[in-house]
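Biologist: Please walk me through this model. I want to learn how to read its features.

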Amino acid sequence: MAGDGSIAKIGAGGGCIICLVVTLGAIIVGIAAIVDGYHEIEEGYVGVYYKFGALQEGITGPGVHMKQAFVTTYQSVLIRPEETKMTTVETITRDGISIMFQGISVLSRTTKSKVISLIKKYGKDFKKVLIFDRIKEDLRIFCANKTIDEVYNEQFLEIVEAVKNDVEAQIKTLGEGGVEILNLVISKPDIPQDIAQNYKQVKVQWTEQLVAKQQKVTEEIKKETELLKALADARRQKEVLEIKIQEQILDTEGKQKISEINNKIVRDKQNNLADIAKYAKDKEAAGNTALYSPEYVKLQVAQSLANNTKFFFSGQDSVLGGLLTKVLASKR
């Protein structure tokens, strides 16, 4: 009986230990579940979730979130603008020259609403498929259709626009506009040393030609300046001469007007004197007319005849006879 009691005590104690272990295990599992389910999404990112490896439809924004522990995993996807430096791109030109593009920089952005569809189609690294690989492909195609001189010199500035436009068209078709290229920078490619040396010599010659051309332009400008100065001096001398001639004309016209005024004064004075003399003569004539009236003339003749004692007549037809006949006839 005593043995049975001991066994019962041992069984009860073992059951308590099992319960304790189970409870402790449950607590540990719960803590592990909380730890595994707790996660944070940083600003500028969205969270995407995989349950048993299958991509889920929902996404979460920045902040603290909980996921189903042990069966669900998450991944943060950047949606704000991101600048990426691409690896070196090797291309071959149409004339068979191998050139290297280094330091290609791409500034891109992902559309939040397109994240799930992009991952489903192209995987987690969808930017590599839609942007970086496409840039490499288009750059190789561009160079394959151009000569080394066209790529390196003549049409280098057209590369960025041509590649960017084509990649954006492919993104619109393949990725439904889910990613966007904000900026693309392509530096001048590295070309073989011997060709680079030739370009350097050409550049030196071009610089010398540019200097010579600039010197020529400078000389032409200098000559043109001298010509303009000479023309300005001639124009100024002409204007001075015209001013002097105008002064002489004004002086001559002034003297002429003074002479005309003096002549007019003299002429008016002479006219006044002539008028005075004429007036005196007219007055004298008027006085003589009034003085030598027919009666006065007859009286004077009679007095003259009376003062003479002797007269010789040659008949009535003579001058004196005729005069006496008229005088005596008038007295009758």
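Biologist: What is the relative accessible area of Glu176, and which exposure class does that give?
Modeller: Three classes apply: buried is under 20% relative accessible area, exposed is over 50%, and partly exposed lies in between (1.4 Å probe, protein chains only). Glu176 has 43%, so it is partly exposed. One caution: this is a predicted model, where local features need pLDDT of at least 70, side-chain atom pairs count only at pLDDT 80 or more, and totals for chains, interfaces and linings use all residues. Residues are numbered from 1 along each chain as its sequence is written, and side-chain values use heavy atoms, without hydrogens or water.

Biologist: Where is Glu176 found?
Modeller: Look for the helix and strand on either side; these are DSSP runs numbered from the N terminus (helices: H or I, at least four residues; strands: E, at least two). Glu176 sits in the loop between helix H5 (159–174) and strand S10 (179–185). Its backbone stands out too. Phi of Glu176 is positive, near 55 degrees, and the residue is not a glycine.

Biologist: What is the phi of Phe52?
Modeller: About 55 degrees for Phe52, again a positive value in a residue that is not a glycine. Phe52 is in the loop between strand S2 (45–51) and strand S3 (54–60).

Biologist: Is Phe52 buried or exposed?
Modeller: Exposed, because Phe52 has 67% relative accessibility.

Biologist: Which sheet do S2 and S3 belong to?
Modeller: For a sheet, start with pairing: two strands pair if DSSP finds at least two bridges between them. S2 and S3 are in an open sheet of three strands, with the order S3-S2-S5 and antiparallel pairing. The edge strands are S3 and strand S5 (72–78), and each pairs on one side only. From one strand to the next, the twist averages 30 degrees. Such angles run from 0 to 180 degrees between N-to-C directions of axes fitted to C-alpha atoms.

Biologist: How many bridges join S2 and S5?
Modeller: Seven, in the antiparallel sense. Take one of the partners in S5: Lys51 is bridged to Thr72.

Biologist: What is the strand order in the sheet with S10?
Modeller: S6-S9-S10, another open sheet of three strands with antiparallel pairing. Strand S6 (82–85) and S10 each have a single partner strand, so each has one side without a neighbour in the sheet. Here the twist averages 25 degrees from one strand to the next.

Biologist: How many bridges pair S6 with strand S9 (residues 105–110)?
Modeller: Four, and the pairing is antiparallel. Thr84 stands opposite Val106, and Lys85 opposite Ser105. On the S10 side, six bridges join S9 to S10, also antiparallel. Thr110 has Val179 in S10 as its bridge partner.

Biologist: Is Ser108 in S9 buried or exposed?
Modeller: Buried, because its relative accessibility is 0%. The side chain of Ser108 makes a polar contact with the side chain of Lys127 at 3.1 Å. The cut-off is an N or O pair within 3.5 Å; within protein, one atom must be able to donate a hydrogen and the other to accept it, and residues adjacent in sequence count only if both atoms are side-chain atoms.

Biologist: Which residues form the nonpolar surface patch?
Modeller: Ile34, Tyr38, Val64 and Met66, with about 420 Å² of accessible area together. Areas are Shrake-Rupley values with a 1.4 Å probe. Patch residues have over 30% relative accessible area and no salt bridge, and nonpolar side chains are joined within 5 Å, like charges within 9 Å. A salt bridge is a Lys or Arg side-chain nitrogen within 4 Å of an Asp or Glu carboxyl oxygen. Ile34 lies in helix H1 (residues 2–37) and counts as exposed because its relative accessibility is 54%.
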